[in-house]
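Subject: Structure handed over, with notes

Dear colleague,

Please find the structure below, together with the notes I made while going through it. I would be glad if you read them with the coordinates open beside you.

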There are 2 protein chains.
Amino acid sequence: MHATVGKRIPRLEGVLKATGQAQFTDDIVLPRMLHAAILRSHIPHARILNIDTTRAASLPGVKAVITGKDTSGRKFGVYARSADQAPLALDKVRYIGDEVAAVSAIDEETAEEALDLIRVDYAELPAVFDAEESIKPGAPQIHDVPDNIGGKTSVDVGDVEKGFRESDYVREDRYRTSWQAHCQMEPHIAVAQSDSSGNVMMWTPNMSPFTKRHVLAQLLGLPDSKVRVCKAYVGGAFGGKSEVYSLDYCAALLSLKTGRPVKIIYSREEVFSTTRLRHPMIIHLKTGVKKDGTIVARECKVISDTGAYSSTGVMAVYLCCDSLIKTYRVPNVRYEGISVYTNKSVCGAMRGHGTIQMRFADESQLDMIARELGIDPVEIRLKNARQTGDVLPNGSRITSCGLSDCIRQAAEKAGWKEKFGKLPPNRGIGIACSTGRTFINVNPVSASAAFVKFNEDGKATLITGAVENGQGTETMLAQIAAEELGIPVEDMTVVAGDTELTPMDVGSFLMAATFITGNAVKQAAADAKRQLFETVAPRLGAEPNDLTADNRRIYVKSHPEKGMYYADAIRRSTVKGIPIIGKGYFNAKTEYLNVLTGEGRSSPTYSFCAQVSEVEVNPHTGQVKVLNTVIADDCGVAINPMDVEGQAEGSVATSQGMAVSEEVVWKDGQIMNPSFLEYGIPRAPEMAKIDTIIVESHDPDGPYGAKDAGEPPTHVGPAAIANAVYDATAVRLSEVPITPAKMLRALEEKKA
Amino acid sequence: MHATVGKRIPRLEGVLKATGQAQFTDDIVLPRMLHAAILRSHIPHARILNIDTTRAASLPGVKAVITGKDTSGRKFGVYARSADQAPLALDKVRYIGDEVAAVSAIDEETAEEALDLIRVDYAELPAVFDAEESIKPGAPQIHDVPDNIGGKTSVDVGDVEKGFRESDYVREDRYRTSWQAHCQMEPHIAVAQSDSSGNVMMWTPNMSPFTKRHVLAQLLGLPDSKVRVCKAYVGGAFGGKSEVYSLDYCAALLSLKTGRPVKIIYSREEVFSTTRLRHPMIIHLKTGVKKDGTIVARECKVISDTGAYSSTGVMAVYLCCDSLIKTYRVPNVRYEGISVYTNKSVCGAMRGHGTIQMRFADESQLDMIARELGIDPVEIRLKNARQTGDVLPNGSRITSCGLSDCIRQAAEKAGWKEKFGKLPPNRGIGIACSTGRTFINVNPVSASAAFVKFNEDGKATLITGAVENGQGTETMLAQIAAEELGIPVEDMTVVAGDTELTPMDVGSFLMAATFITGNAVKQAAADAKRQLFETVAPRLGAEPNDLTADNRRIYVKSHPEKGMYYADAIRRSTVKGIPIIGKGYFNAKTEYLNVLTGEGRSSPTYSFCAQVSEVEVNPHTGQVKVLNTVIADDCGVAINPMDVEGQAEGSVATSQGMAVSEEVVWKDGQIMNPSFLEYGIPRAPEMAKIDTIIVESHDPDGPYGAKDAGEPPTHVGPAAIANAVYDATAVRLSEVPITPAKMLRALEEKKA
C-alpha cells in the first residue's frame, strides 16, 4: 500500500557506522583542544572543609582548575523543585564518585596527574547505603529533607477497602529489584568549544539537544541561544544520556575559562559509578481478585532508592504506579511510592524506567494468583487486559490496543498450550505483559517541529531536532517524509539534532520520536508538497488539490499522463526564486503530568507487548538459562519493521540481563564490579533465541498509524523469566536478578 | 528613523576574527586527514605523451595518485559552451602551471616528494604570449577554435556613422591595461571529506556555495545533493574564489579514492600563477562629441587576453562594453570585444571585472576631450551623467541614480575648483566616475531565499546561503532582519553559506548579497513576524495587522501599553508546538543576459561613484605618489555605513594598486614576481589618504532603499590617477600601471 512506510529499509547511516566513518563525539578533534579530568570523592559522605588547588594549578601543562567555588552555585535536576545536584560539590560530598574539582590540561595524562596534586580536606559523616535504613529515625541526613525522602507519589482511585472486601481472593507479596547499568558502548563524553563572543558549542551524546542546551545554559547563567548543542552520533543512550552531567558542565566552563576547546571522556568506571543506574525498588503489592481472576483492587507501597541525588527519582515512582494501572483493568487502586536518598551512586532514567520494577511484581503476583485459582496464566491476562477505548484513571483514553493479540500470538508462537506445565523437569515457560507510553508530558514543551526543504536536484532535506541514538530515528523519519512526498528514501538527507540548525524537538524520550516528531515530519513534508503543487499546478493545467505524487513524479490524479518530475518542478520553482520549505509541528494532546498525584493525561497513546520465555534451570549450579523468548510488540503500524525488531531484540537483552545476570555489587557505597569484564551484561552465547512478532494496531493519531517501538519489550523479561523459573522449579523468586547463588539458595530452601 | 539599519554596527564575527578564533578552511583539521599536492606543467604549451606515476605511487606514505585519466574527462568553465578547462590536463598543457597530476599522502612533504617522482613525457609545442600575436594567422593553436578567439561580444546601438558625422569633435585613442592579482591574504585551499555512502563534504573559500557545489558535482558526476559545501570564513575573495579550481576537484576525488579527508593548500606562487588574474585589455576607443561636450557616438574595439582558458573571458568583454554605456548617456554605440587565448595564466573575475579597463579608457579619453574643448572635466561629466529614469539600450531602467551628486560632492570635498590647473608643478588632480550593477543575470538562478527562525529565548536565527567574504554580509543581513523584527542585532545569530543547511542563494557576486539576498532576508523576517503576530494577537485582544514590534516588544499600535515581549511570545508559541520560521525569497526582475549581444535587462538596479585623486609625480624617479583620494559612493541607503566605508577603502586600494604599483612581470609565459615581496600591492604607507562620502539615493526596490557597496569605487582609480598625472605633468599615460619606468620614459619622450 505504502511505497516506503512499512518497508525494511536499511539505516541511512548504516554504512557510515559499519565502516567507522560516522562521527561520534570522541572523533571531534579540534585545534588547541585541551583534555580535562574530574576529581571525585573517595568518601561516601563528608563535609568539604577545604580544597587546595595551588599545586595542581602550577603543574606545567595545566590550563585551569575549577571547584564548586568557580560555579554559579546553581544545581540541576529533572524537576526544578528537586534540583539538588551541583556539577561540582559545593559543601558536601554524598557518594563515592561525587565531583569535587576539574582540571584542563594539554593532555589527559597531565590532567590526571594534576588531580593527584589537589588536596581536599574532608570531615567524614556517617553514611547510609540501604533505602529502608535511610528512612528510619536517626539515619544520617543526606539532604535537607525529612527522613531522606526526596519525593512521593500518592494515587488513590476508587474504593480500595471496598474492593478488597468484594474480592474472593486476596494475595500480598513483597518484591525487590536491583540496580542495573545502561552499559552504553560509548562512554559519556563532552567536547566544548567557546569563543570570545561568549558562545559555547557542545558536542555531547544526548537524547534531546534542546533539553541539554536549556539545562546547561541555566547552569552556566547564559541565555539558551549562547549555547549550541551540535550533532554527533550516539553510541547508545538507553535513557542514560538524557541528563546533563558534570562533564558537560565542566567542559563548558573550562572552555570558557581557557578560551580553548576542552574534551572530557569518562572512564568505564566513571560511567558505571557516576552517571546513572536503574532504581532498585522494594514493592509491597496486595491484589484482590474475583474467583474468575478479575482484578478488583490493588494496594501498593514502593520504596525506590534514588542514591545520593534526586535525578528522576519521583518520576520513577510515578511511572511505577502508572504501570500498575495501564496494563490490566483495575477499578480500585491505592498506591504510595517514595524516592529515598542513600549514599550511593545516583539512579535515573533507563529504558523501562520505573516500569520494569512494577511489571516484575505485578506479573509475578498475577502468575501466582492464576495458579492459586487454577486459571491458565495466559487466560487471566486476557481476562484483565486493557482494550481499545478504555479510559485510565487519569483520563487518558487508550486509542488503540493490541495487548490481547500480543498475548495470544506470543503464546501460540511459543507453543504455550503444548508446553505450560508439561515440560520436563527444570524446564519451564512463563509469560508477562506490559504497556508503554509514547510520551510523558513533564516538560513545558510537549511538541516537535520539523522542516522539509527541497534541494535544486529534486531531492529533499529533512531538518529535525530529533536525535539518532541507534534506534533508527533518522531513517524512520526520512521514511515518513519520503512517503508523504512520494519520493524514495534515498532522495532524503537528514539534518538532525543541532539546536542552532534544527527546530525544537521534544527529544527521544520514550518513543516520542515516532509519535510526536513523526507527526511533525509528516506535516512538514505535506506542507512542502503543497507548496510545490501550487507552483506546478498552473503548468499542468490543474488545481493544486487535483495533484498527487509518487515515484518522484507529480501528476494530475485524473490524468496521470499529465505530470512532471520533482527535479524539473523544483528547478522551475528555484528559477523563479521560490524556495520550497515545508513546516510541520505536532503537539501531543496531553496534559501536564503531576507526578505527585498521577493526574494529567500525559501520554497521547499507549503501546503494548507480551513476552513468553522458556528457561532451563541447572539444579546443581543454580544457573538459569533462557532458551528462547517470543516477544509480541504492538507498536502501531511499523514504519520500518527491521528497526522495530532491532528495538525489541535490544529490549529483550536488557531485560534478560536484569532478570538473571546483571548485578551491581556494592561494598560500603563503592561499586565493586564497574567493568564489562565483571558486570554480567548478556553476551551473544548467553542470549535467548528471540522471535519478534509485530502486532500492528493502527493508531488513529499516529503517523501512518505508528505509536512507538521497543519500550514495552524492555519491561517484561524479569517477570516472564521468573514465572518460567517457577514453572520449571516450583520456586518463586521475588527478587531479581536471579543469580545462580540466589537460585541455589532458593532450591535448597525449598528442599528444606 | 530606523533602530538598526543605517547604524555603524561592528561586525558580528569581528571579535572572533580579531582574536584568531574564526574558523577558516585551514583551521579544519580532521582525523586521518591526508595532504595533497599538484604537479604542474613547467612548459607553456605541449602535448602530453605519457605520464608515469609508478614510482610516486609506491613511495611510502603516498595514498593515491591521480591524473587526467582518473577524471571523468568533463571540463569546467563559467559558461557551458566555453567549458574548456580540465581539472587535470587530458591531452595538452597550455600554460606554465597547468595541472597534470595530484598526489595525496600522509603529509605535505611526502606529497611534494612524490610529485618529483612522476615522469611526464611532453612533446613541446610553439607558444604565444601576446593577444595581438595570438589572433594572427599562423599563430600556435591553443584550443580547437579559429584565430584563438574564445568568445566575442558585439553590440550595435543607434547609428554610429551618423553619430560621428553629427559630432563636432571626434577623438580616437588606444589604451592598454595589464594583469592584476587579487592578493587575498588567505591562499586557495580545499578540504574534502568523503564518506562510504559517496557523499562529499567540502570546505573551500567561496563566494557562492551553491555555485561551487553545482560545478563540482557535475565534474565529479554526482547529483548536487551528494556534495555539500560547508561554511568556513573566507580570507578575501575579490572575485577570485568564485570558480571551482583544480584543488577543489582534486581534494574531492582524492578523498573519494582514499576514503580519507584530504586537504590541499596552494602556495602563494600557485595562487598568483594558477588561479585567476585580471584580464589585460587593449582598447581602441573612438568618441564623437558636440562642442558643448555632449557625447554623440562611440565606437570601440577590445582585445582581452584570457590566458590559456576561457573562464569568464567573454563575460569580461561584455562587461567592458556595458561599462561604456551605463555611466554616460550615449545614443549611438558600436562595440566589438574579443576574448583571446594565450599560453599564459588564466584570467577571470576580479572586483571591477571587465569594467575597470573600460573606465580607464573612457575616463582618460573624456578628460582629453574636455581639455581639447576647454570644458572643466567635472562639467563634462555632469553634462553626460546618467540620471534616474534613464533607460539603457538593453532596456534596463535606472531606478535611482546619485551619480551627479557623487561628482559634485567628491569635487567639492577634494577642493576641485581651488586645485584643478592651479596646483604647483608635478602636482595634479583628476576625476573619474563609474557605474556598478547590483547583479548580473547569467545563471539559471537569479534569486535568493532566506529563513528566519525564532529560538525559544526570543532571539532569532537568520539562515541564508550568502557568504561572508569579509565584506560584512552577515552583519548587514542580520541588521535587515533585526530591523524588520524589531529586535537588536545582538539577538540575531546567522547560519550562512552551507548548501545542506541553508536555502539557495545567488552568491556574493557583485553586490547581489545586499539587493537580492537582503530583500529575501527582509521578507523572511517579515514572514516570521507575521506568524508570531498571529499567535500573539488573540492574547492582546487585537488583530495581527494591528500589531507592531520594536525594542524586543510586540504591542498594539493604537494601545502601546498592551504588549508582550518577544521572549514571552515565543515561549508561549513554542509550548503550543508552533515553531516560527519565516521564509523569504526575492527574484531580481531581470532577464537572462546574452553576453554575445548585450541583450537582456540583466541588472535590477545600478550604483554609481566618482573619485577625485590628487597626485605628486617625482620627475627624477618617475614615482607617482597618490596623496589623497575622495571617493563618493552612491550605494542606495547604507545599511551599515562602516561596512560601506570599509568596502570603499578596499576598492580604492585595489584600484590605486592597478594604477601605479601592481605589475605582473612575465618571462616566456612565466610570472617572475609571484610573491608579496616582489608584487607591488600598496601597503599602508603608500596608500592615499581616503575620504569616503556616502551618497544615499533611496532605491525603490532595494531593502530599506539599499543597492550595494564598494563595487564602483574599484573602477575609477586608474583613470582618476592617470588624469591627475596628466594634470601634474601634461603627460598622458595610456597604459597602466604607471610604473616609475613608464613615467620616466614618458617624461623623457615629452622633453624630446
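The contact between the two chains draws 41 residues from chain B and 41 residues from chain A, and I should say at once that this is a predicted model. On the side of chain B that touches chain A, the elements that contribute two or more residues are α1 (14-18), β17 (447-454), β19 (492-496), α16 (566-575) and β23 (581-587) of chain B, and the largest share, five residues, comes from β23(B). Sorted by class, that side of chain B consists of 20 nonpolar, eleven polar and ten charged residues. Because 100% of the interface residues of chain B are also interface residues in chain A, the copies meet through the same surface.

How are the two chains related to each other? Chain B is superposed on chain A by a rotation of 180° with 0.0 Å of shift along its axis, at an RMSD of 0.1 Å, and that is the relation of a two-fold axis.

Turning to the single chain, chain A contains 20 helices and 28 strands. Its radius of gyration is 27 Å, close to the 27 Å that the globule rule gives for 752 residues, so chain A is as compact as a globular protein of that length. The C-alpha trace of chain A spans about 85 × 70 × 45 Å along its principal axes.

Chain A is divided into domain 1 (25-125 + 193-237 + 241-274), domain 2 (351-438 + 603-751) and domain 3 (447-587). The C-alpha centres of domain 2 and domain 3 of chain A lie 38 Å apart, and 18 residues of domain 2 of chain A are in contact with 15 residues of domain 3 of chain A. On the domain 2 side of this contact in chain A, β16 (427-437) and α17 (641-661) each supply at least two residues, with α17(A) giving the most, namely three residues. By class, the side of domain 2 of chain A that touches domain 3 of chain A has six nonpolar, seven polar and five charged residues.

In chain B there is an open sheet of seven strands with mixed pairing, in the order β3-β5-β1-β12-β9-β10-β11. Its edge strands are β3 (62-67) and β11 (227-230) of chain B, each of which pairs on one side only, and neighbouring strands of the sheet are turned by 20° against each other on average, direction ignored. Within this sheet, β9 (residues 189-194) and β10 (residues 200-203) of chain B run antiparallel and are joined by four bridges, and B:Ser194 stands opposite B:Val200 in β10(B). Two helices lie across strands of the sheet: α3 (residues 108-116) of chain B crosses β1 (34-40), β3 and β5 (99-105) of chain B and runs at about 25° to β1(B), whereas α6 (residues 209-220) of chain B lies across β10 and β11 of chain B and runs at about 145° to β11(B).

Some backbone details may also deserve your attention. A cis peptide bond joins A:Val736 and A:Pro737, with omega about 0°, and A:Pro737 is found in the loop between α19 (717-729) and α20 (740-751) of chain A. In chain B, the peptide bond from B:Val736 to B:Pro737 is likewise cis, with omega near 0°. Finally, A:Arg32, although not a glycine, has a positive phi of about 65°, and A:Arg32 is found in the loop between α1 (14-18) and β1 (34-40) of chain A.

With best regards

Technical notes. Residues numbered from 1 in each chain as written. Chains lettered and ligands numbered in written order. Predicted model: local features only at pLDDT ≥ 70, side-chain atom pairs only at ≥ 80, totals over all residues. Domains from an automatic or database assignment. Contact = placed C-beta atoms within 7 Å. Nonpolar A, V, L, I, M, F, W, Y, C, P; charged D, E, K, R; others polar. Least-squares fit on C-alpha atoms with pLDDT ≥ 70 in both. Pairing = 2+ DSSP bridges. Axes fitted to C-alpha atoms, helices over the stretch in contact; angles between N-to-C directions. Rg over C-alpha atoms; globule rule 2.2 N^0.38 Å.
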